[in-house]
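Student: Please take one part of this model, the buried interior, and go through it closely. I would like the contacts residue by residue.

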Amino acid sequence: MSLENTSVNKTFGGWTKHYSHHSDVLNCGMRFAIYLPPQTANGQKVPVVYFLSGLTCTDENFIQKAGAQRIAAELGIALVAPDTSPRGENVADDDGYDLGKGAGFYVNATQAPWNRRYQMYDYVLNELPEIIEANFPVTDQRSVFGHSMGGHGALVMALHHPERFKSVSAFSPISNPVDCPWGEKAFTAYLGDDRSSWEAYDASILMRKATGTVPALVDQGDADDFLEEQLKPETLEAAAQASGYPLKLNRREGYDHSYYFIASFIDDHLRFHAEHLGV
């Protein structure tokens with residue numbers, strides 16, 4: 001595996017870095033951002049928290065806007081933020097912002113032309129952690145969180161693989177994508193018309209029938225423009241109540257869907273993950 005370091009910035013005593021590499025899973029070039037806290041300077045290995053971004057975002061949005069490095073440096077955890085989809089001239093795309101590049105939805109596509117490269121679930125769950133753990137001073141202790149489309153991805157991965165993650169959290173996740181416009185459009189394209197196949201990527205459905213669990217935290221602003229039509233946190237909350245899933249869902253008065261919201265509560269989320277990662 002060849003990694004190309006494309007930028008380095010010292011941040012709160014640690015280092016914010018961007019890398020590009022070839023992905024065998026996606027069969028194209030990919031980028032990710034990583035923050036290595038100051039504890040790694042002396043060779044200490046630290047746990048990793050993966051952040052999955054939302055629609056139209058890249059690997060840069062979270063790392064630049066969330067203000068996460070300060071608290072990550074204090075806690076001694078690494079942060080990794082992948083891109084949200086395959087990229088490149090030969091990668092399938094759509095004119096809409098909510099399908100194609102920047103909108104991979106963290107699924108393994110089964111339908112042409114998307115199935116050639118849009119395997120973001122396998123990339124984030126398997127290939128990227130293998131790269132991170134082989135090339136950086138980190139342990140195999142992981143947590144995952146995300147925003148909007150990325151909150152959906154984080155919850156789904158943790159629900160399917162509780163053995164892989166110590167905790168999961170989300171800001172404004174798409175909680176019930178089989179029953180919202182964003183999800184219906186993306187899942188029809190990526191997974192086909194058989195709606196039963198969509199259920200494997202719906203956090204509310206998975207949480208309702210979950211057996212294995214990891215601690216889960218969700219924050220949702222009540223001034224979010226997408227709240228009622230797209231996000232549906234009440235469906236996720238009902239699923240947790242039905243199965244007894246350890247979910248804490250906070251409704252935040254006056255907050256919207258933006259990175260201002262994420263930055264306001266990033267400390268809470270990283271401290272939550274640090275607690276369960278044992279740091």
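Tutor: What follows goes from the nonpolar cores to one buried acidic residue.
The model is predicted, so local features need pLDDT of at least 70 and side-chain atom pairs pLDDT 80 or more, while totals for chains, interfaces and linings use all residues. Residues are numbered from 1 along each chain as its sequence is written, and side-chain values use heavy atoms, without hydrogens or water.
The largest nonpolar core holds 69 residues; such a core is a set of buried Ala, Val, Leu, Ile, Met, Phe, Trp, Tyr and Cys residues joined through side-chain atoms within 4.5 Å. Buried means under 20% relative accessible area, exposed over 50% and partly exposed in between, with a 1.4 Å probe and protein chains only. Phe 105, Ile 132, Phe 187 and Tyr 190 have the most contacts inside this core. Helix α3 (residues 120-135) supplies its largest share, 8 residues; helices (H or I, at least four residues) and strands (E, at least two) are DSSP runs numbered from the N terminus.
Beyond four places in sequence, Tyr 190 touches residues including Leu 99, Phe 105, Val 107, Trp 114 and Tyr 118, a contact being heavy atoms within 4.5 Å. Another core, of 26 residues, lies apart from the largest one and has Cys 57, Ala 68, Phe 261 and Ile 262 among its members.
Phe 261 is also one of the residues in contact with Asp 219, along with Phe 171, Asn 250, Arg 252 and His 269. Asp 219 sits in strand β8 (residues 216-221) and counts as buried because its relative accessibility is 0%. Its side chain makes a polar contact of 2.6 Å with that of His 269; the term covers N or O atoms within 3.5 Å, one able to donate a hydrogen and the other to accept it, with residues adjacent in sequence counted only if both atoms are side-chain atoms.
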